[in-house]
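Reader: I'm new to this structure and would rather get to know one piece well than skim everything. Please pick a part, look at it closely, and then show me how it sits in the rest.

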Amino acid sequence: MSTAKEFVLYSYFRSSASYRVRIALELKSIDYEYRTIHLLNNGGEQHGADYTKLNPSREVPTLIHNVAASSAPIVLGQSVAIIDYLDRVAPVPHLFPESAHQRALVLQACEIINSGSQPLHNLRVLKKLVDDFKISEDQKTEWTRHWIRYGFEAFEAAVKSHSGKFSFGDAVTAADCFLIPQLANADRFQVSTAPYPTLEKIRSNCEKIPAFAKASPAQQTDFPKT
Ligand SMILES: N[C@@H](CCC(=O)N[C@@H](CS)C(=O)NCC(=O)O)C(=O)O
């Protein structure tokens with residue numbers, strides 16, 4: 001009989017929000033069960049009735065924490081909330097600093113991507129633009145590129161004076177967990193990162209850490225084989 005793992009992640013290989021949480025899980029060496037929610041198949045599995053009960057926003061990621069056999073599992077959506085939760089239940093390595101000021105700066109950087117850039121080119125936003133406003137493929141791509149660049153400009157300015165090897169000094173923080181997946185989105189939409197030298201430096205340092213590679217889309221079980 002197979003026993004459920006303590007942690008379960010509902011994810012999609014290409015989802016940058018899921019990728020953030022995968023990085024945090026890998027950095028913390030948390031073993032977890034990966035469950036795929038295919039965002040395109042059958043009109044999008046995120047809209048299924050059972051999944052919607054877990055994640056009313058109908059998006060990935062969702063984290064389940066099976067705390068104890070005797071208590072109900074903890075179910076969490078929203079990558080900021082999930083990573084904050086993981087940082088409390090598995091504090092090593094810390095992804096949010098202790099100091100109120102430093103923690104706010106890290107959250108600010110996370111939110112530049114989480115609320116100021118990625119949601120504007122999320123799947124359902126693009127679908128609405130195509131379905132109801134009849135934008136072309138080229139316009140869709142240009143829209144996406146615009147919001148990725150918009151976020152990178154802000155992120156570069158926000159971390160430039162704080163960065164060392166990573167966004168904040170020489171230790172990985174949650175900010176890096178948000179940046180790397182958005183850089184993967186930039187690659188996908190052929191957005192040059194040359195105007196953002198701090199982001200390029202951080203990326204090359206993150207690439208040296210195995211947890212980032214393990215969390216990448218190509219390493220996930222639902223990554224297309226062909
Ligand atoms: N702010 C949310 C964003 C989640 C999100 O945008 N997920 C995307 C994939 S990256 C999604 O599931 N989209 C489904 C849709 O738009 O239908 C988080 O951080 O968890």
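Author: Helices and strands here are DSSP runs, numbered from the N terminus: H or I over at least four residues for a helix, E over at least two for a strand. Residue numbers start from 1 along each chain as its sequence is written. The model is predicted, so to speak with care, local features need pLDDT of at least 70 and side-chain atom pairs count only at pLDDT 80 or more, while totals for chains, interfaces and linings use all residues; side-chain values use heavy atoms, with hydrogens and water left out.

Let's settle on helix α1, residues 16-27. It has 12 residues and reaches 16 Å from its first C-alpha to its last. That is close to the expected 16 Å at 1.5 Å a residue, where the expected span is 1.5 Å times one less than the number of residues.

Now for its surroundings. Call a residue buried if its relative accessible area is under 20%, exposed if over 50%, and partly exposed in between (1.4 Å probe, protein chains only). By that rule 12 of the 12 residues of α1 are buried, so the helix is largely enclosed by the rest of the structure. You can follow the buried residues from S16, A17 and S18, through Y19, R20, V21, R22 and I23, to A24, L25, E26 and L27. Charged names such as R20, R22 and E26 are on that buried list too.

What do the buried residues of α1 pack against? Taking contact as heavy atoms within 4.5 Å, their partners are the strands β1 (7-11) and β2 (33-36), plus the helices α3 (79-89), α4 (100-114), α7 (174-188) and α9 (210-214). After α1 comes S29, and its phi is positive, near 55°.

The two strands on that list belong with α1 in another way. β1 and β2 pair in the parallel sense over four bridges; two strands pair if DSSP finds at least two bridges between them. To spot one of the bridges, find Y10, whose partner in β2 is R35. Together, β1, α1 and β2 make a right-handed β-α-β unit. Right-handed is meant like this: with the strands pointing away from the viewer, the path from the first strand over the helix to the second runs clockwise.

One packing partner, α7, deserves a visit of its own. This helix has 15 residues and reaches 22 Å between its first and last C-alpha, close to the 21 Å expected at 1.5 Å a residue. Of its 15 residues 12 are buried, so α7 is largely enclosed by the rest of the structure as well. Among the buried ones are F178, L179, I180, P181 and Q182. They pack against α1, α3, α4, α6 (137-159), α8 (197-206) and α9.

Just past α7 you meet Q190, which lies in the loop between α7 and α8. Its phi is near 50°, a positive value in a residue other than glycine. At 62% relative accessibility, Q190 counts as exposed. Carry on into α8 and you reach T198, which counts as buried at 8% relative accessibility. Leaving aside neighbours within four places in sequence, T198 is in contact with E156, V159, K160 and S163.

A few loop details elsewhere are worth a look. Most residues other than glycine have a negative phi, and most peptide bonds are trans. Q78 has a positive phi of about 75° although it is not a glycine; you'll find Q78 in the loop between β4 (74-77) and α3. Q78 is partly exposed, with a relative accessible area of 41%. A cis peptide bond joins V60 and P61, with omega about 10°, and P61 lies in the loop between α2 (49-54) and β3 (62-65). The bond from V92 to P93 is cis too, omega near -10°, with P93 in the loop between α3 and α4.

Now step back to the whole chain. It holds nine helices and four strands, in the order β-α-β-α-β-β-α-α-α-α-α-α-α along the sequence. The radius of gyration is 17 Å, close to the 17 Å that the globule rule gives for 226 residues, so the chain is as compact as a globular protein of that length. (That radius is taken over C-alpha atoms, and the rule is 2.2 Å times the number of residues to the power 0.38.) Along its principal axes the C-alpha trace spans about 55 × 45 × 35 Å. Buried residues make up 47% of the 226.
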